[in-house]
Amino acid sequence: MRSELMVVIGATSEIAAATVRLWAAAQKWRFCLLGRNVEAVAALAHEIATVSGQEVFYGAYDALWSAAQQDALWRALTLSAAAEQTQTAAMQETLALGAVSPTGERQSLPQLPASVEVAAVFCAVGYLGPQQQAQADDALCARIFTCNYSGLLPLLNRAANYFEQRGQGKLVVISSVAGERGRGSNYFYGAAKAAMTAYLSGLRIRLTKSTQGRVQVLSVLPGYVRTKMVAGRQLPALLTPPPERVAADIVRACEHRRNVLYTIWPWYVIMAVTRHIPECIFKRLHRF
């Protein structure tokens, strides 16, 4: 019997790592952890393998990769027919797929073994970026949009098609309440997150129809979270929870097959009000 695997993209983000720790402690999944810093990902994989008592896979992922690179990664993860062809040495080095045992032993892998099957994808990739600098830097503006939306689509689209064909699966993606309405202080980031939220909404409708609801698409919309992304900013303490609290919300939302999660819950009320403030008033609210 093939064991079910959750692929975690952006695994070393503080929210993703906290969520994976909860799942690992409950032994809910086997994991393949992916991120830009392979050594940091491998270290997290070692921790998770120790907690869960299971081998954990890991490798590289970057939202700035080309569609061809992301396709090669997906084929290596899912053992599709095309993946049976030997990857080039250069591509294997780029993907840096490996496994770590509960005892800390590592091994390199050209692709994941046939004994595992991808059953869930958790995407926690995000990049806030400096708003003022992006206003005068087209390349930085493009990077913000790529890292929060367009660069993630090659892998998310492949996952969606795979789960649709499989007839079941989970796709969990962290977007943001910043995408609910444009703000003068972060509208590049907000625009990218708005695009991601709309994409997930449409994808959810499509997969609900084609799989009779057996594929869950969960849009996670955090507000402020006490992470490195907002370090040094003066934020309301009651509305800025630690990653562990957000992680607990994500775990519950997955278990209850929710469609949209505002975390923490007061953000549902805050954004319901914010969305209905007339534009003529909203543009004069300097705190936004």
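**Exercise 1. Cysteines**

Determine whether C254 is buried or exposed, and establish how many disulfides the model contains.

*Solution.* C254 has a relative accessible area of 5% and is therefore buried. The structure is a predicted model, and every value below is computed from it. For the pairing of sulfurs, the cut-off to apply is 2.5 Å. The cysteine sulfur nearest to that of C254 belongs to C123 and is 13 Å away, and C254 is in no disulfide. Next, consider C147: its closest cysteine sulfur, also in C123, lies at 11 Å, which is too far for a bond. C147 has a relative accessibility of 8%, so this residue counts as buried. The resulting count is zero disulfides.

**Exercise 2. Helix α1**

Compare the span of helix α1 with the expected value, and identify which of its residues are buried and what covers them.

*Solution.* Begin with the length: α1 comprises residues 14–25, 12 residues in total. From the first C-alpha to the last, the helix reaches 17 Å, close to the 16 Å expected at 1.5 Å a residue. Then turn to burial: I15, A16, A17, A18, T19, V20, W23 and A24 are buried. In an α-helix there are 3.6 residues a turn, so residues three or four places apart point the same way. The cover over the buried residues of α1 includes the strands β1 (3–9), β2 (30–35), β6 (116–123) and β7 (169–174), together with the helices α2 and α9 (243–255). Finally, examine what comes after the helix: α1 is followed by Q27, whose phi is positive, near 55 degrees.

**Exercise 3. Two loop residues**

Locate G53 and S101, and assign each to a burial class.

*Solution.* G53 is found in the loop that runs between α2 (38–52) and β3 (56–60). Its relative accessibility is 49%, so G53 counts as partly exposed; the exposed class begins over 50%. Beyond its neighbours within four places in sequence, G53 is in contact with I48 and P102. A separation in space may be added: G53 and T19 are 34 residues apart in sequence, and their C-alpha atoms are 17 Å apart.

S101 has its place in the loop between β4 (98–100) and β5 (106–108). With 18% relative accessibility, S101 counts as buried, the limit for that class being under 20%. The side chain of S101 makes a polar contact with the side chain of T103, at 2.8 Å. Leaving aside neighbours within four places in sequence, S101 is in contact with H46, A49 and E55.

**Exercise 4. A strand residue and a helix residue**

Describe the surroundings of V220 and of T274, and state the relative accessibility of each.

*Solution.* V220 lies in strand β8, which spans residues 215–222. The relative accessible area of V220 is 0%, so this residue is buried. Apart from neighbours within four places in sequence, its contacts are V172, V173, I174, S175, S176, I250, L261 and T263. As for Q168, 52 residues away from V220 along the chain, the two C-alpha atoms are separated by 20 Å.

T274 lies in helix α10, residues 266–275. At 7% relative accessibility, T274 counts as buried. Not counting residues up to four places away in sequence, T274 touches R181 and F282.

Key
Residues are numbered from 1 along each chain as its sequence is written. This is a predicted model: local features need pLDDT of at least 70, side-chain atom pairs count only at pLDDT 80 or more; totals for chains, interfaces and linings use all residues. Side-chain values use heavy atoms; hydrogens and water are left out. Helices (H or I, at least four residues) and strands (E, at least two) are DSSP runs, numbered from the N terminus. Buried means under 20% relative accessible area, exposed over 50%, partly exposed in between (1.4 Å probe, protein chains only). Contact means heavy atoms within 4.5 Å. The expected span of a helix is 1.5 Å times one less than its number of residues. A polar contact is a pair of N or O atoms within 3.5 Å; within protein, one must be able to donate a hydrogen and the other to accept it, and residues adjacent in sequence count only if both atoms are side-chain atoms.
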